[in-house]
Amino acid sequence: MHTNKGLTLIELMVVLGIMGILSAIAVPSVVSWRNGMQLSAAVRETKNGIEKTRIIALKTNAPARLEFGASGAFGIARWDPAVNDFGTPEIIRMPPGVTINANVGSLAFNGRGLLNSPGGTLTLQHPTGALCRQIVVASTGSSRIAESP
């Protein structure tokens, strides 16, 4: 009697073939999950920026402004009473490729936490174009996340 210890070449090829098929099935799911997580992180970061700007206005009882740039970033500017104008904004960057399209150039909150404008909608889009979400800001200063149509 002869006992075999180890794998034959055919057994090894079968195992590698099964692993290749499973990885080919899993990779697209992982990529779409990663894209969705990047967009979700950007939406949460932007909504937190809106809420932070509103809270700064309420705490200081002075205006605060959220400014949107073309580079997929936004900045929070505080009112500086020494110069009677907004100071240099604190820049917050989005994950790579995520863009912000705002129907307003900035969201300015007064000292009571209300918007100085009628409100606005921010659309965040992933570079693939398939993923898109909106943040709707009411004139009362509250914001909510909505799925984009």
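## Strands, a long-range contact and one aromatic pair

Strands β1 and β6 (residues 106–109) pair in the antiparallel sense over four bridges. This is a predicted model. Within that pairing, glutamate 67 stands opposite serine 106 in β6.

**Strand β1 and its partners**

Strand β1 covers residues 64–68. β1 also pairs with strand β2 (residues 73–80). Five bridges join these two strands, and they run antiparallel. Here phenylalanine 68 faces phenylalanine 74 of β2 across the pairing.

Which residues of β1 lie on its covered face? They are Ala64, Leu66 and Phe68. Arg65 and Glu67 make up the uncovered face. The general rule is that side chains in a regular strand alternate between the two faces of the sheet.

**Helix α1**

Helix α1 runs over residues 9–60. How far apart are its end C-alpha atoms? They are 73 Å apart. At 1.5 Å a residue, the 52 residues should span 76 Å, so the two values agree. The helix does bend, by about 25 degrees at alanine 26. A proline, proline 28, follows within four residues of that point.

**The open sheet**

Four strands form an open sheet, in the order β5-β7-β8-β9, with antiparallel pairing. β5 (99–102) and β9 (143–147) stand at the edges. Each has a single partner strand, so one side of each is left without a neighbour in the sheet. From one strand to the next, the twist averages 25 degrees.

Helix α1 packs on this sheet. Its contacts reach β5, β7 (120–125), β8 and β9. The helix direction makes about 10 degrees with that of β8.

Now take the pairing of β8 with β9. Strand β8 (residues 132–137) is joined to β9 by five bridges, and the two run antiparallel. One matched pair is glutamine 134 with alanine 146 in β9.

Arginine 133 is also in strand β8. What does arginine 133 touch, leaving aside its neighbours within four places in sequence? Its contacts include Gly36, Leu39, Ser40 and Val43. Among the others are Leu122, Thr123 and Leu124, along with Ile145, Ala146 and Glu147. Arginine 133 and alanine 42 are 91 residues apart in sequence. In space, their C-alpha atoms are 9.9 Å apart.

**One aromatic pair**

How many aromatic pairs does a search of the whole structure find? It finds one. The partners are tryptophan 79 and phenylalanine 86, and their arrangement is edge-to-face. The ring centres are 5.1 Å apart, with 90 degrees between the planes. That angle is over 60 degrees, the cut-off for edge-to-face, so the label fits.

Are the two residues buried or exposed? Tryptophan 79 is partly exposed, with a relative accessible area of 27%. Phenylalanine 86 has 17% relative accessibility, so it counts as buried. The limit for buried is under 20%.

**Two asparagines with positive phi**

Asparagine 61 comes just after α1. It sits in the loop between α1 and β1. Asparagine 84 lies in the loop between β2 and β3 (85–86). The table gives phi and relative accessibility for each.

| Residue | Phi | Relative accessibility |
|---|---|---|
| Asparagine 61 | near 50 degrees | 59% |
| Asparagine 84 | near 55 degrees | 56% |

For asparagine 61, phi is a positive value in a residue other than glycine. The phi of asparagine 84 is likewise a positive value in a residue other than glycine. Exposed means over 50%. Asparagine 61, at 59%, therefore counts as exposed. Asparagine 84, at 56%, also counts as exposed.

Terms used:
Residues are numbered from 1 along each chain as its sequence is written. This is a predicted model: local features need pLDDT of at least 70, side-chain atom pairs count only at pLDDT 80 or more; totals for chains, interfaces and linings use all residues. Side-chain values use heavy atoms; hydrogens and water are left out. Buried means under 20% relative accessible area, exposed over 50%, partly exposed in between (1.4 Å probe, protein chains only). Two strands pair if DSSP finds at least two bridges between them. Rings of Phe, Tyr and Trp (its six-membered ring) pair if their centres lie within 6.5 Å; planes under 30 degrees apart count as stacked, over 60 as edge-to-face and the rest as tilted. The expected span of a helix is 1.5 Å times one less than its number of residues. The bend at a residue is the angle between axes fitted to the seven residues ending there and the seven starting there. Axes are lines fitted to C-alpha atoms, for helices over the stretch in contact, and angles run from 0 to 180 degrees between N-to-C directions. Contact means heavy atoms within 4.5 Å.
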